[in-house]
Amino acid sequence: MDRVAVVILNWNGCEMLRTFLPSVVRYSEEDGACVYVADNGSTDASVQMLREEFPMVRLILSEKNYGFAEGYNRALRQVEAEYVVLLNSDVEVTGHWLRPLLEYMDAHPEVAGCQPKVRSWRNKNRFEYAGAAGGYIDRYGYPFCRGRILNKVESDNGQYDNTAPVFWATGAALFIRLKDYWAAGGLDGRFFAHMEEIDLCWRLRARGRMLMCVPQSVVYHVGGATLKKESPRKTFLNFRNNLLMLYKNLPEEELGKVMRMRVVLDYVASASFLAKGQWANARAVWQARREFKRMKASYAETRKENLSRAVTPYVPERTSYSVLFRFYLCNRKSFLSQ
């Protein structure tokens, strides 16, 4: 069994792999890790390119695109390792990037998973939107990070160089014990993509396991490589999956209040898209709400199991305040100002 397996899920990302895989292979193998690429039914030249240019990489092949969540579940069933790293194909890693993560995890058995500091590949002195220096959510399910509040991304001036507990570790570079991954049920394949790592981390935290950011490890993430930020499909998945995540994990005494407020907040979000002329995104919000209502009944047993296995209904890294209120009405636009 391997100590650490770095697993990259790929779908039609031939050029991304050609650009970023060399750093992953070089700097992961020097720390004793093996590198896998799990191909999610690509129709481009990805598999042929990997066989020809990266014969040292272990290939896992799926016959179709199962999405991020189920794609990783299927891939990790074929990996035997103590730790796995879920790594996006558009991430550039740095020398000995795995060492601080591995050393921290070895020294802290109460921790299920961690992430490195994630900076932007396009602007390397700034944090990257999807993860930054560790993730949190507010009482209504809105994710934010040390280094990124909503759409406001900070420069990295060393202000988050301390190791810190987080609510969620980014799926762009998630270092996790494989036994914890499966003990919590893995990623929710019904999500397809988006919010799935936050949902997994919520289950882990509610069951008493810790998530951390270890900023002594640094990676650079392109971000938005598969679905652009303005994509209506991405808007749909984010809103639908966020509602499903809340339904799956919220304590009973909060569920009704939070979900009623989300109707209001989702209406505001849709109106904001309309005001910008983004009709497809506005429509995607309400399509997401309809799909959530359709799927809700199928999650009743999942919710019951999650609540029954929770050792604490109140996770400290989930805030009691609304990040939207503080951002827009109080002008608190950095993590430290929250």
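What follows is an informal back-and-forth on how some labels for this predicted model are reached.

Me: Let's start with A173. Why is A173 called buried?

Reply: Buried means under 20% relative accessible area. A173 has 1% relative accessibility, so it counts as buried.

Me: Where does A173 lie, and what does it touch?

Reply: A173 lies in strand β12. Leaving out residues up to four places away in sequence, it touches L86, L87, C114, Q115, P116 and V219. Take Q115: A173 and Q115 are 58 residues apart in sequence, with their C-alpha atoms 6.0 Å apart in space.

Me: What makes β6 and β12 a pair of strands?

Reply: The cut-off is at least two bridges found by DSSP. β6 (residues 111-120) and β12 (residues 173-177) have 2 bridges, in the antiparallel sense. For an example of residues facing each other, G113 stands opposite I176 in β12.

Me: And what about β6 with β13, in which sense do they pair?

Reply: β6 and β13 (residues 210-221) pair in the parallel sense, over 8 bridges, against a cut-off of at least two. S120 has H221 of β13 as its bridge partner.

Me: How do you know that β6 is largely enclosed by the rest of the structure?

Reply: By counting buried residues: 10 of the 10 residues of β6 are buried, so the strand is largely enclosed.

Me: Why is β13 described as largely enclosed?

Reply: Here 10 of the 12 residues are buried, so β13 is largely enclosed by the rest of the structure.

Me: Which strands pair with β13 in the antiparallel sense?

Reply: Strand β5 (residues 91-93) does, over 3 bridges, with E92 standing opposite Y220. Strand β11 (residues 164-165) does too, over 2 bridges, and there A164 stands opposite C213.

Me: Over to the helices. How do you know that the buried residues of α2 are on the same side?

Reply: In α2 (residues 46-53), the buried residues are S46, V47, M49 and L50. They cover an arc of only 165° around the axis, which puts them on the same side of α2. On the other side, Q48, R51 and E52 are exposed; that label takes over 50% relative accessible area.

Me: What covers the buried residues of α2?

Reply: The cover includes β1 (2-10), α1 (14-29), β2 (34-40) and β3 (58-62).

Me: Why are α7 and α10 called oblique to each other?

Reply: The axes of α7 (residues 232-249) and α10 (residues 300-309) cross at roughly 50°. Roughly parallel needs an angle under 35 degrees, and roughly perpendicular needs 65 to 115. The crossing angle fits neither range, nor the one over 145 for roughly antiparallel, and therefore α7 and α10 count as oblique. Their axes come within 7 Å.

Me: Which residues make that contact, and how do they split by class?

Reply: From α7, L246, Y247, K248 and N249 take part, and from α10, A300, T302, R303, N306 and L307. By class, the contact has 4 nonpolar, 3 polar and 2 charged residues.

Key. Residues numbered from 1 in each chain as written. Predicted model: local features only at pLDDT ≥ 70, side-chain atom pairs only at ≥ 80, totals over all residues. Heavy atoms only, no water. Buried < 20%, exposed > 50% of the residue type's maximum accessible area, 1.4 Å probe, protein only. Helix = DSSP H or I, 4+ residues; strand = E, 2+ residues; numbered from the N terminus. Arc of directions from axis to C-beta. Contact = heavy atoms within 4.5 Å. Axes fitted to C-alpha atoms, helices over the stretch in contact; angles between N-to-C directions. Nonpolar A, V, L, I, M, F, W, Y, C, P; charged D, E, K, R; others polar.
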